[in-house]
Amino acid sequence: MSASVRSMSLTFCRAARVAFRAFNPATRPLSTGYCLRTEIRPAGGSRDIIESTEEFRFVERLIPPSRIPAPPKHDGPAPSGWTPPSDTPPSLPYMIRRSRMHNVPVYSDIKHGNQHSTLIRKIEGDIWALNKEVKEFLLGLTGKDPPTQVNEITGSIRVKGQFDKELKDWLLNKGF
Amino acid sequence: MFRATLAICGRTVVKRQFISSVSGESALPPNLRLPPNLIGVAAEKRPPPSGSDLPVVRRCEADVPAHLTPAQTWLESLGSRDSDQLGVVDLHPDVFSVPIRLDILHAVEVWQRNFKRISYANVKTRAEVRGGGRKPWQQKRTGRARHGSIRSPLWRGGGIIHGPRGPTSYYYMLPMKVRVQGLKIALSAKLAQDYLHIVDSLEIPTPDPQYLQDLVKHRQWGDSVLIVDVGEEFPQNILKATEDLKTVNIIPALGLNVHSLLKHESLVLTLEAVKFLEKKLLWHDVRYTPLYPFKLPYSDLP
């Protein structure tokens with residue numbers, strides 16, 4: 001990984017200097033280093049070589065962005081199944097934010113191969129009200145009252161059992 | 001407390017106590033000097049700027065989430081002693097109103113203290129102490145205890161068994177997002193405890209340190225003040241004024257850290273520093289995981 005990153009940075013630096021490489025090794029340009037975007041003719045040198053930084057835009061468009069883009073506007077679910085959050089937050093005592101990739105923060109977890117649990121993260125506001133509603137919803141779904149663990153400090157609820165799809169759809173219907 | 005004791009004393013005193021509470025004077029003697037951070041004696045609190053008529057001088061550049069409202073605070077000035085409440089400033093809630101996680105704050109503070117630490121303590125083991133290759137006396141018949149070398153750990157001047165060995169590094173890195181969250185929590189704590197002051201610029205009329213100290217005392221900012229601005233150049237007056245002061249310090253915005261925020265009682269930010277901090281700290285909420293280190297160029301770094 002570090003080798004590939006290093007080679008990537010080396011190729012980047014090499015690509016940045018592509019405009020400065022002389023074709024003929026015998027006649028090198030007199031000025032080295034990074035110049036502004038101008039065409040420079042080396043003073044007193046041979047007239048065959050022109051330094052130009054106009055081609056650097058081909059390198060610049062390859063540099064990746066660092067920010068996650070906002071998703072395009074969809075009314076209702078997108079063809080992939082992704083649903084945008086509602087424009088106005090629902091008027092409930094709690095709020096569940098989307099993850100940085102704009103998904104509902106419900107995750108399923110397995111420990112020791114047989115212990116399934118579901119985690120709801122990024123909860124703000126009255127977490128106990130959400131806990132009560134989750135318990136009522138899962139009681140109606142399965143007929144059993146699932147144990148839950150509420151972590152007020154991190155704003156997360158862990159439910160015993162694998163309910164990530166059901167909880168995701170339930171939260172999407174609420175408008176989160 | 002003082003008023004309660006007066007009321008208990010007698011009905012004749014009630015009228016005087018009533019007048020003093022109506023007029024707003026404190027019943028404490030006038031020559032009593034209290035430290036500004038004394039618990040139990042409330043500092044004169046300004047009303048929060050939510051219901052004021054002053055215009056909002058600065059709005060948040062980044063988008064505020066729909067379910068949150070920006071935190072508001074007063075805009076002040078260092079130009080004269082009495083110029084606070086010049087306007088109202090909006091602060092982004094994801095930087096200045098995050099839930100206060102003391103465990104993250106503790107972790108970041110401990111990390112800041114220890115990651116730079118290299119302990120140079122080193123002691124010699126019995127192999128490294130000079131001498132001790134020969135058996136001091138024969139094994140049997142001398143009447144003394146049996147020994148193999150004069151530098152064994154049992155001997156005076158001998159080697160140490162499990163002592164500190166060589167320069168030890170205590171370097172470790174907390175995840176970048178944890179350190180960023182620590183900064184956000186420290187800023188939110190300063191705002192919540194009324195220790196955050198926003199200033200339009202750092203121009204002061206004189207390079208006299210006494211002016212700054214009078215200002216801090218008059219406005220009850222606390223024992224120590226940390227002044228933060230963006231950029232490498234500061235006005236000469238404020239540099240000269242804070243040069244010899246131990247409790248009032250000035251740093252660039254890149255140098256803001258949790259330890260300094262906890263060490264100084266109150267924090268003074270300029271408007272550009274607020275903009276810079278919001279931009280840098282909010283970027284971490286919307287960035288990708290790094291494809292290559294962020295020291296190398298990306299197309300849209302903050």
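Accessible area here comes from the Shrake-Rupley method with a 1.4 Å probe. On that footing, chain B exposes about 19000 Å², and carbon and sulfur atoms supply 56% of it. Keep in mind that this is a predicted model. Below is a quick tour of both chains, with a closer look at a sheet in chain B and a helix in chain A.

**Chain B at a glance**

- Chain B is built from nine helices and nine strands.
- It has 302 residues, and 36% of them count as buried.
- Long-range links carry much of the contact list: take the contacts in chain B with a separation of 6 or more, and 72% of them are between residues 24 or more positions apart.

**The open sheet of chain B**

- Seven strands of chain B line up as an open sheet, in the order β1-β3-β2-β6-β9-β7-β8, with mixed pairing.
- The edges belong to β1 (56-58) and β8 (248-252) of chain B; each has a single partner strand, so one side of each has no neighbour in the sheet.
- Going from one strand to the next, the twist averages 35°.
- Strand β2 (residues 71-76) of chain B pairs with β3 (residues 87-91) in the antiparallel sense, over five bridges.
- Within that pairing, B:A71 has B:L91 as its bridge partner in β3(B).
- β2(B) also runs parallel to β6(B), joined to it by two bridges.
- There, B:E76 sits opposite B:V199 of β6(B).

**Strand β6 of chain B**

- Which way do the side chains of β6 (residues 196-199) of chain B point? B:L196 and B:I198 go one way, B:H197 and B:V199 go the other, and all are buried.
- β6(B) is joined to β9 (residues 266-270) of chain B by four bridges, and these two strands run parallel.
- For B:I198, the bridge partner in β9(B) is B:L269.

**Chain A at a glance**

- Chain A has four helices and eight strands.
- Read from the N terminus, its elements go α-β-β-α-β-β-β-β-α-β-β-α.
- Of its 176 residues, 31% count as buried.
- Among contacts in chain A between residues at least 6 apart in sequence, 53% join residues at least 24 apart.
- Chain A exposes about 12000 Å², with carbon and sulfur atoms supplying 56% of that.

**Helix α3 of chain A**

- Does the length of α3 (residues 127-142) of chain A come out as expected or not? At 1.5 Å a residue, its 16 residues should span 22 Å, and the end C-alpha atoms are 22 Å apart, so the two agree.
- A:D126 caps the N-terminal end of α3(A), with a side-chain oxygen 3.4 Å from the backbone nitrogen of A:W128.
- Just after the helix comes A:G143, which has a positive phi near 85°.
- The buried residues of α3(A) are A:I127, A:A129, A:L130, A:N131, A:V134 and A:L138.
- As a reminder, an α-helix has 3.6 residues a turn, so residues three or four places apart point the same way.
- What do the buried residues of α3(A) pack against? Their packing partners in chain A are β3 (94-96), β5 (115-120), β6 (123-125), β7 (148-151), β8 (156-160) and α4 (164-174).

**The β4-β5 hairpin of chain A**

- β4 (residues 106-111) of chain A and β5(A) run antiparallel and are joined by six bridges.
- One pair to look for is A:S108, whose bridge partner in β5(A) is A:T118.
- Three residues lie between the strands of this hairpin, and A:H112 takes a positive phi near 55° there.

**Two residues of chain A to click on**

- A:K168 is in helix α4 of chain A.
- With a relative accessible area of 30%, A:K168 is partly exposed, because that value falls between the 20% cut-off for buried and the 50% cut-off for exposed.
- Beyond its neighbours within four places in sequence, A:K168 is in contact with A:V104 and A:V106.
- A:K168 and A:H112 are 56 residues apart along the chain, and their C-alpha atoms are separated by 24 Å.
- A:P147 is in the loop between α3 and β7 of chain A, and at 46% relative accessibility it counts as partly exposed.
- Setting aside neighbours within four places in sequence, A:P147 is in contact with A:R158, A:V159 and A:K160.
- A:P147 and A:S117 are 30 residues apart in sequence, with 10.0 Å between them from C-alpha to C-alpha.

Technical notes
Residues numbered from 1 in each chain as written. Chains lettered and ligands numbered in written order. Predicted model: local features only at pLDDT ≥ 70, side-chain atom pairs only at ≥ 80, totals over all residues. Heavy atoms only, no water. Buried < 20%, exposed > 50% of the residue type's maximum accessible area, 1.4 Å probe, protein only. Contact = heavy atoms within 4.5 Å. Pairing = 2+ DSSP bridges. Expected span 1.5 Å × (residues − 1). Polar contact = N/O pair within 3.5 Å; in protein donor to acceptor, adjacent residues only side chain to side chain. Axes fitted to C-alpha atoms, helices over the stretch in contact; angles between N-to-C directions.
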